Amino acid sequence: MDINNYCYDGRKKFDIEEFDCDSIGEFNNREEAVDEFVQNLLVINKEQQKLYSERKEGVIFIFQAMDAAGKDGVIRTVFSTLSPHGVKEFCFKVPSSEEKSHDFLWRFWSALPPRGSISIFNRSYYEDVLIGRVHELYKYDIVPDRVKNSNVIKERYRQITNFERYLYETGTRIVKIFLNVSKDEQARRFISRIDTPRKNWKVSPGDLKEREYWDKYMEAFEKMINQTSTGISPWYVVPADHKWYARLLVSRIVRKTLEDMKPKFPTIEKADIDSLKEARAKLAKSLGEKAEKPIEPTPKEFYMSDLIPADIVKQDMKHKQKRATEKIKDNGFRAVRELLAESYMIHSLNDIVDAIAREDEESENNPDVREELDINPEQVKQYIENLNIDEEEK
Ligand code: ATP
Ligand code: MG
């Protein structure tokens with residue numbers, strides 16, 4: 001399904017009752033979505049590098065949802081290929097007493113991204129028109145009499161759109177994402193959290209209490225989206241009953257947003273190139289003959305950091321390679337896609353190819369194993385090449 005179908009930019013009305021939380025769009029199953037997801041993550045990674053190097057425009061991705069809709073998982077997976085510099089997540093909880101002593105937008109200013117950076121808002125000022133509306137929290141605010149009136153929420157919609165317009169006009173984009181989970185699916189996820197000891201920590205009595213106000217929340221979400229969707233700062237409503245589909249759609253949204261921003265690596269002026277050449281000649285002279293030939297950047301097995309001793313890097317590589325090989329052995333070519341999808345191996349694609357090539361060699365004399373492996377190194381190489389990854393990024 002085209003991402004525009006889920007986009008609200010003020011031109012069409014959002015009807016929450018009509019919305020299908022259970023949708024998986026054009027797909028029949030999650031397997032079909034893996035390739036695109038991997039592609040999107042790689043493009044997002046690349047675009048972020050450009051965004052960061054250019055330092056021209058900042059962007060905020062806001063996530064709002066009912067509890068257990070999957071905000072944390074979406075953020076963890078979709079932003080997993082980003083370099084930690086230039087991206088920060090902010091989780092906004094019940095305001096502290098200091099935050100409460102200011103206007104409701106005050107606490108967000110310090111979370112705005114510098115140019116070239118991405119801020120992820122895990123909840124946001126939209127809480128002030130969601131939980132704030134459902135429980136009429138504004139009634140407890142200590143404010144001048146003129147501020148106390150029955151239109152507080154309506155005024156907040158306006159204040160929010162003004163705030164977002166101001167940010168857009170001064171160089172920061174805001175994209176808002178509502179992960180729309182159904183009431184039944186939320187119940188299933190709560191039950192699963194209760195049934196699974198390692199997930200128990202995720203259940204809070206507060207979540208169960210808020211569930212009782214479900215209908216009021218739905219009304220608040222619908223109003224919020226219809227009142228604050230704009231062309232410059234749209235809302236996307238994402239069906240969230242299937243985690244993989246929600247993650248795929250969010251990866252599309254993030255990819256599209258970054259591509260629309262058209263970031264570019266800064267180029268160097270001709271004069272600067274000449275002065276760099278001059279500087280290089282001087283440096284080479286200070287080193288003597290050895291530096292006459294090009295000096296390679298850090299060998300790729302040290303991509304992580306020069307500080308990690310070679311044997312540890314090798315061990316780590318071996319471990320990864322072993323895991324990759326085992327996975328590939330178990331699941332054949334599909335495993336390669338899975339590994340990529342986890343983004344776990346994105347930096348070690350050469351290892352996969354090597355592992356596959358070796359497996360292939362070893363299984364040369366054993367057609368059964370070969371068949372079972374269902375792997376053709378050429379096919380994998382081709383596949384990886386099609387992903388458009390630079391040598392440096394492998
Ligand atoms: P997780 O449960 O995954 O840790 P979470 O975002 O649900 O993440 P919680 O601490 O459980 O974190 O919940 C945060 C709570 O803070 C939510 O119930 C939210 O409605 C509430 N909250 C956020 N902003 C405001 C606000 N401005 N006024 C009142 N409550 C708010
Ligand atoms: Mg919670």
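Ala, Val, Leu, Ile, Met, Phe, Trp, Tyr, Cys and Pro count as nonpolar here, Asp, Glu, Lys and Arg as charged, and the others, Gly among them, as polar. Everything below concerns a predicted model, where local features need pLDDT of at least 70, side-chain atom pairs count only at pLDDT 80 or more, and totals for chains, interfaces and linings use all residues. Residues are numbered from 1 along each chain as its sequence is written, while chains are lettered from A and ligands numbered from 1 in the order in which they are written.

**Exercise 1.** Work out how the shell around ligand 1 divides into nonpolar, polar and charged residues.

*Solution.* Start with who is there: a residue is near the ligand if its C-beta atom, placed from the backbone, lies within 6 Å of it. There are 16 residues around ligand 1, and Lys 93, Val 94, Glu 127, Asp 128 and Ile 131 come nearest. Now sort the shell: six are nonpolar, four polar and six charged.

**Exercise 2.** Describe how helix α1 and helix α10 cross.

*Solution.* First find the helices, which are DSSP runs (H or I, at least four residues; strands are E, at least two), numbered from the N terminus. Helix α1 covers residues 34-54 and helix α10 residues 243-261; their axes come within 9 Å and cross at roughly 35 degrees. Those axes are lines fitted to C-alpha atoms over the stretch in contact, with angles running from 0 to 180 degrees between N-to-C directions. Next, sort the residues of the contact of α1 with α10: nine are nonpolar, three polar and six charged.

**Exercise 3.** Is helix α11 largely buried or in the open?

*Solution.* A residue is buried if 20 or more other C-beta atoms, placed from the backbone, lie within 10 Å of its own, exposed if 12 or fewer, and partly exposed in between. Of the 18 residues of α11, the number buried is zero, so this helix lies largely in the open. For the whole protein chain, 28% of the 394 residues are buried. Right after α11, Gly 288 has a positive phi of about 90 degrees.

**Exercise 4.** Why does Glu 185 count as buried, and what is it in contact with?

*Solution.* Place the residue first: Glu 185 sits in helix α7 (residues 183-195). Then count: Glu 185 has 20 C-beta neighbours inside 10 Å, so it is buried. Two residues are in contact if their C-beta atoms, placed from the backbone, lie within 7 Å. Leaving aside neighbours within four places in sequence, Glu 185 is in contact with Cys 21 and Asp 241. Glu 185 and Cys 21 are 164 residues apart in sequence but 9.1 Å apart in space, C-alpha to C-alpha.
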